[in-house]
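Thank you all for coming; I would like to walk slowly through one structure this morning. Please have the sequence and the picture ready beside you while I talk.

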Amino acid sequence: MSPPIASGKSESGTARFLGSGSSGILELLIFHPVDTVAKRLMSNQTKVFLPGNTFAQNKAAMDVVIFKDAANKAFLQKYASLFPGLGFAAGYKVAQRVYKFGGQPFVRDYLDKHHKNLFISGFGEKTGKTMMHATAGSLVGIGEIALLPLDVLKIKRQTNPEAFRGRGFLAIVRDEGMGLYRGAGWTAARNAPGSFALFGGSAFVKEYLFGLDNYNTASFFQNFCASIGGAVASITVAAPLDVVKTRIQNRNFDNPESGINIIKNLIKQEGFGGFFKGLTPKILVVGPKLIFSFTVAQQLIPVFDRMIKGESKETVTA
């Protein structure tokens, strides 16, 4: 859901844009390395820990998967290698945060105004409200495929930098065109249940665990619990299709592979457990990421609003 509002007065659209965008930038700088590790683990199709290998050998194999060419370099060089595609990641993350934080409330308000009775008659008062939040999140998640080219370029830079050798951003866009939307169907299939679980899980916790009538009045602790509940549900539900989507997107531009073939090969070579590769690091980082972005947006949106309106904090709280 959108970040909780600090006061009863609605902030301007500009303030929401600046606050959400700033939260996306700060989140990116802190969590991008962990995201890179998760993407590289999901893209790895070989067994890392082999029977009979020593701990040192298994660690060296894992280093190659995670750090690639920097596997044998110094610590700082290894860490720096986890920031490939930061430009694409920045564009995608900021656009995604502004779109999700700002878009879901608009869709939710539309459903509340035009289809509220449908949800209440079908699910009851409390569950209907939760389902409305979840459905709005799902619809916004499907629309997120508009940002897919930035996501594709970010993932390729993280997992397959060879695809960029000798070509700049504009050259890739010109050469690939609609190919940058490869995997759009799988992305929508992942986002629909994932965003449904994210916003629905968060609303469920606030509605049933804390009994909140107005979710925007949630305390820091209540937002913490709701974010963890929604995030873990979202990542777990979307994990299988997320692996498929990532493998579609990280292949070389001139060597695409269909999602069906990827699923067949994955089951054959890695078993059903392959659908959940990278799930643990994603779950471990998603909770802090969401809590961080909720908190930063909650603090910065009112600050930007006061700056835009030329008000002081004392004037607002007086």
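Lys264 and Lys268 are exposed on one side of helix H11, and I should say at once that we are looking at a predicted model. Which residues of H11, by contrast, are buried? They are Gly259, Ile262 and Leu266, and, seen down the axis of H11, the buried residues fall within an arc of 55 degrees, so they line one face of the helix. The two lysines, Lys264 and Lys268, are on the other side. As for its extent, H11 runs over residues 259-270, which makes 12 residues, and it reaches 16 Å from its first C-alpha to its last, close to the 16 Å expected at 1.5 Å a residue. After the helix comes Gly271, whose phi is positive, near 80 degrees.

Let me turn to the nonpolar cores. In soluble globular proteins, nonpolar side chains tend to be buried together. The largest nonpolar core here has 10 residues, namely Val37, Leu41, Val48, Met62, Val65, Ile66, Phe67, Ala70, Ala71 and Leu82. Helix H1, which covers 13-43, and helix H2, which covers 55-67, each supply at least two residues of this core, and H2 gives the most, with 4 residues. If you look at Met62, leaving aside its neighbours within four places in sequence, you will find Leu41, Val48 and Phe49 in contact with it. Apart from this core lies another one, of 7 residues, among them Met42, Val243, Val244 and Ile262; Ile262 is one of the buried residues we have just met in H11.

Ala71, a member of the largest core, lies in the loop between H2 and helix H3, residues 75-80. With a relative accessible area of 8%, Ala71 is buried, because buried means under 20%. Beyond its neighbours within four places in sequence, Ala71 is in contact with Asp63, Val64 and Lys78, and from C-alpha to C-alpha it is 7.6 Å from Ala60, although the two are 11 residues apart in sequence.

The loop between H2 and H3 also holds Lys68, which has a relative accessible area of 30% and is therefore partly exposed. Its phi is near 55 degrees, a positive value in a residue other than glycine. That deserves a careful look, because most residues other than glycine have a negative phi.

Now please move along to helix H9, residues 184-209, where Asn191 is found. Is Asn191 buried or exposed? At 6% relative accessibility, Asn191 counts as buried. Its side chain is joined to that of Arg190 by a polar contact of 2.7 Å, and, leaving aside neighbours within four places in sequence, Asn191 is in contact with Gly141, Ile142, Glu144 and Phe196.

I will finish with the aromatic rings, for which the count comes to 3 pairs. One of them is formed by Phe210 and Phe221, which are edge-to-face, with 6.3 Å from centre to centre and 75 degrees between the planes. This pair links distant parts of the chain, for Phe210 is in the loop between H9 and helix H10, residues 220-249, while Phe221 is in H10, 11 residues apart. Phe210 counts as partly exposed at 24% relative accessibility, whereas Phe221, at 52%, counts as exposed.

Key: Residues numbered from 1 in each chain as written. Predicted model: local features only at pLDDT ≥ 70, side-chain atom pairs only at ≥ 80, totals over all residues. Heavy atoms only, no water. Core = buried A, V, L, I, M, F, W, Y, C linked by side-chain atoms within 4.5 Å. Buried < 20%, exposed > 50% of the residue type's maximum accessible area, 1.4 Å probe, protein only. Contact = heavy atoms within 4.5 Å. Expected span 1.5 Å × (residues − 1). Arc of directions from axis to C-beta. Polar contact = N/O pair within 3.5 Å; in protein donor to acceptor, adjacent residues only side chain to side chain. Phe/Tyr/Trp six-rings, centres within 6.5 Å; stacked < 30°, edge-to-face > 60°.
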